[in-house]
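Please look through the structure shown below with the sequence beside it. The report that follows takes up selected residues, then the cores, the pocket and the chain as a whole.

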Amino acid sequence: MLSAPLSKSGTITYTIEPTELTRSVGLVGVSAAEATIEVLNPADAVLVTRTRYLADYSEMVDALAMVTIEPRKVENAIFEDIICQPGNRIEITIGDGAGTVEISEIIIGNTITVGDVVFGATIGIDDFSAETTDGYGNVSITRRGYRDVTKFPVVVKTGDVKRLRRKLAGLRAKFALFYHTADDTDYGTTVFGRYESLEMILSGPTISDLELIVKGATYDA
């Protein structure tokens with residue numbers, strides 16, 4: 001289950017000292033105006049700094065919405081090309097000092113590039129709520145948790161199939177952040193979870209097809 005969010009006024013800060021090479025940072029269940037990632041060496045020199053503004057304007061569909069609806073916050077934020085070697089540290093600042101900020105999960109680690117996601121991806125929800133009907137036809141619904149489900153159709157180089165199978169086998173039974181783009185045009189496909197199944201089709205000598213089904217961590221009711 002997705003961790004219950006930590007909530008705080010102003011900002012939330014973390015300092016992480018990775019023991020392995022880190023190339024990216026992911027924030028899951030984040031609610032804040034902005035977030036900043038810095039990489040510092042033991043002498044406190046800033047090696048890398050990345051700031052992302054986390055407003056989500058997807059509901060601003062017309063002029064009326066722009067003046068009547070406050071922008072939502074994105075739920076996930078991905079920072080690529082962080083490059084933090086062991087001995088250095090990562091400092092994460094969530095929020096701009098105003099309002100209340102939240103964060104559920106922070107993921108750091110390597111980035112595996114699988115291939116090019118093509119149209120045909122599907123996004124959905126598994127709802128674990130229960131519905132019962134008594135002998136008189138009265139329906140009762142017990143609200144329970146749910147999870148995101150994303151199917152990624154990916155085009156890969158046929159020569160990479162063996163390597164990708166080995167890499168993805170190493171992610172079995174592990175939670176990771178799956179996405180096709182780190183910016184805000186992911187169409188809702190980004191999901192923090194584990195992949196349930198992997199299917200590779202050797203379509204030709206140059207290009208092959210792959211489908212990855214990812215089931216997200218369960219959200220509380």
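## Asparagine 41 and its loop

In this predicted model, asparagine 41 touches Leu47, Asn88 and Arg89, when residues up to four places away in sequence are not counted. Asparagine 41 sits in the loop between β4 and β5, and with a relative accessible area of 19% it is buried, because the limit for that class is under 20%.

Aspartate 44 is found in the loop between β4 and β5 as well, but at 48% relative accessibility aspartate 44 counts as partly exposed. The backbone of aspartate 44 deserves a look, since its phi is near 70°, a positive value in a residue other than glycine.

## A second residue with positive phi

Alanine 173, although it is not a glycine, has a positive phi of about 60°. Alanine 173 belongs to the loop between α2 (161–169) and β17. Is alanine 173 buried or exposed? At 73% relative accessibility alanine 173 counts as exposed, because the limit for that class is over 50%.

## The nonpolar cores

Which residues of the largest nonpolar core touch the most other members? Of its 20 residues, these are Val25, Leu27, Phe79 and Ile94. At least two residues of this core are supplied by each of β3 (22–28), β4 (34–40), β8 (76–84), β9 (89–94) and β10 (100–103), and the largest share, four residues, comes from β8. Apart from this core lies another, of 13 residues, among them Leu164, Tyr195, Leu210 and Val214. As a general background, nonpolar side chains in soluble globular proteins tend to be buried together.

The surroundings of valine 25 can be listed in full: leaving aside its neighbours within four places in sequence, valine 25 is in contact with Ile37, Ala77, Ile78, Phe79, Ile82, Ile90, Ile92, Ile106, Ile107 and Ile108.

## Isoleucine 103 in strand β10

Isoleucine 103 is found in strand β10, where at 3% relative accessibility it counts as buried, given a limit of under 20% for that class. With neighbours within four places in sequence left aside, the contacts of isoleucine 103 are Pro5, Leu6, Ile12, Tyr14, Leu27, Val28, Gly29, Val30 and Ile94. Two of these contacts, Leu27 and Ile94, are also named among the core residues that touch the most other members.

For a sense of distance across the model, isoleucine 103 and alanine 43 are 60 residues apart in sequence and 29 Å apart in space, C-alpha to C-alpha.

## Alanine 121 and lysine 151

Alanine 121 has its place in the loop between β12 (116–117) and β13 (122–127), and at 33% relative accessibility it counts as partly exposed. Not counting residues up to four places away in sequence, alanine 121 touches Lys151 and Pro153. The C-alpha atoms of alanine 121 and tyrosine 53, which are 68 residues apart along the chain, are separated by 26 Å.

Lysine 151, in strand β16, counts as partly exposed at 35% relative accessibility. Its contacts, again without residues up to four places away in sequence, are Ala121, Thr122, Glu211, Leu212 and Ile213. Lysine 151 and valine 139 are 12 residues apart in sequence, while their C-alpha atoms are 32 Å apart in space.

## The largest pocket

How much space lies in the largest pocket? The volume is about 780 Å³. Of the 32 residues that line this pocket, Thr111, Ile112, Leu177, Phe178 and Tyr179 are the closest to its centre. By class, the lining has 20 nonpolar, nine polar and three charged residues.

Each of β3, β8, β11 (105–109), β12, β16 (146–157), β17 (176–178) and β19 (207–216) supplies at least two residues of the lining. Two of these strands, β3 and β8, also each supply at least two residues of the largest nonpolar core.

## The protein as a whole

The secondary structure comes to two helices and 19 strands, and the C-alpha atoms fill a box of roughly 75 × 55 × 35 Å, taken along the principal axes. Among contacts between residues at least 6 apart in sequence, 70% join residues at least 24 apart.

Of the 221 residues in the protein, 34% are buried. The accessible surface comes to about 13300 Å², of which 50% belongs to carbon and sulfur atoms.

Terms used: Residues numbered from 1 in each chain as written. Predicted model: local features only at pLDDT ≥ 70, side-chain atom pairs only at ≥ 80, totals over all residues. Heavy atoms only, no water. Core = buried A, V, L, I, M, F, W, Y, C linked by side-chain atoms within 4.5 Å. Buried < 20%, exposed > 50% of the residue type's maximum accessible area, 1.4 Å probe, protein only. Contact = heavy atoms within 4.5 Å. 1 Å grid on protein atoms, 1.4 Å probe; cavity = no way out; pocket = protein on both sides within 12 Å on 5 of 7 lines; lining within 4 Å. Points joined across faces, edges and corners; volume = space filled by probe spheres on them. Nonpolar A, V, L, I, M, F, W, Y, C, P; charged D, E, K, R; others polar. Areas by Shrake-Rupley, 256 points an atom, 1.4 Å probe, with all protein chains shown as cover.
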